[in-house]
Amino acid sequence: MYNETKKMYSEIGIDTEAVIDALDKIPISVQCWQGDDVRGFEKIFGSGGGIQVTGNHPGRARNAEELRDMLDAAFALIPGAKKVNLHAMYGDVENVKRDEMEPCHFKDWVSFARERKIGLDFNPTMFAHPHASDGLTLSHPDSGIRNFWIEHVKRCREIAAYFGLTLGQLSIMNLWIPDGYKDTPADQLTPRQRLEASLNEIFKESYKSDAIIDSLESKLFGIGLEGYTVGSHEFYMGYAVKNNLALCLDSGHFHQTELVSAKLSAISLFVSNIVLHVSRPMRWDSDHVVLLDDETISIAKEIVRHGLLDRVHIGLDYFDGSIDRVTAWAIGARNMRKALLIALLEPYQALQEAEREFDFTKRLLVMEEIKTLPWQSVWDEYCERKEVPGRILKCK
């Protein structure tokens, strides 16, 4: 079957062998927090602060060892290059304050990653803490609380740089904060001035560019913070462009009429690196498991079409406690890689040529005809070579 498919694609100028090789090298960062419903291992706080997980399916990881075992089970179903995306609350931090965290508290994760030849990404944990109970962290009017969080993020940057240098793979240090108000505030400027000052302090120290990329992640709103978000898309985009930082785009962090796929080409002109958190919002940022839907495919196509594979860093961000967590990881990661495969199999040069010649009939014809080409055959061949099941469907 694959040989016939290979010939079929070659007729439209696509080398499926080159596609398989390229697909296998694209790292996907798998979010650790799907495995335990964003609880972490501090044994103190639990989730909260604009984040809520629903469902009580059995099997939630209760400690780091169980979480790593679950990741291994998911990785056995996910072909291709992988990373693990960690939050600060997932280290050996049961009795460690967040503003005192050090690289040594994550040595077991480094050993795990080194043995599997994967990278680690990192995130400060800016929620589920008494100093976040007011809904404000880096923009808090209390300088003591701001300084606590500034120190936490500084230490997280140090930890991420340690990951990058130790593992020899770039570590994305992504910052999301829950800061905002439930209702519309009278003063929308001052909290953003405080946030800007906090970020200026955080990013004073520079690290090697081959060890860490600093990223800022906006959000439309959080639970209990519906009226106003300090770290809006416009704020972070402006700050990232001004300070040469990466901008993180989360599929669920925009109005439902906005699409991340429509933003990529524009933003790529002004920032060096883009971080993606691929998720699936359902009426709001509800973080459902990623599907092989139109938007996921469109995101992949925008990355591939415009040669952004080296500048767009793909991660997943969802947490569903209503279904088996390992299967949730596998479904989402496999769908992201399937979307990338579909994008790599697209005869984009032919589409570009038709567009330059204003031959919109040909453009539409090609776009529609390739939808029914047997990309699944290439997927099955790829999975067989990686010794991963092409299908994980189980029917009783």
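## Reading burial, phi and contacts

Me: Does Glu387 count as buried or exposed, and why?

Reply: Exposed, because the relative accessibility of Glu387 is 73%. The cut-offs: buried is under 20% relative accessible area, exposed is over 50%, and partly exposed is in between (1.4 Å probe, protein chains only).

Me: What are we reading from?

Reply: A predicted model, where local features need pLDDT of at least 70, side-chain atom pairs count only at pLDDT 80 or more, and totals for chains, interfaces and linings use all residues. Residues are numbered from 1 along each chain as its sequence is written, and side-chain values use heavy atoms, leaving out hydrogens and water.

Me: Which sign does phi have in most residues other than glycine?

Reply: Negative. Glu387 has a positive phi near 60° and is not a glycine. Glu387 lies in the segment after helix H13 (375-385). Helices (H or I, at least four residues) and strands (E, at least two) are DSSP runs, numbered from the N terminus. Phe358 also has a positive phi, about 60°. Phe358 sits in the loop between helix H11 (348-356) and helix H12 (360-369). Phe358 counts as exposed, because its relative accessibility is 65%.

Me: Where is Thr5, and what does Thr5 touch?

Reply: Contact means heavy atoms within 4.5 Å. Thr5 is in helix H1 (residues 2-10). At 1% relative accessibility, Thr5 is buried. Leaving aside residues up to four places away in sequence, Thr5 touches Pro374, Ser377 and Val378.

Me: How far apart are Val110 and Thr166?

Reply: In sequence, 56 residues; in space, 7.9 Å, C-alpha to C-alpha. Val110 belongs to helix H4 (residues 107-116) and is buried at 2% relative accessibility. Beyond four places in sequence, Val110 touches residues including Thr166, Tyr162 and Leu120.
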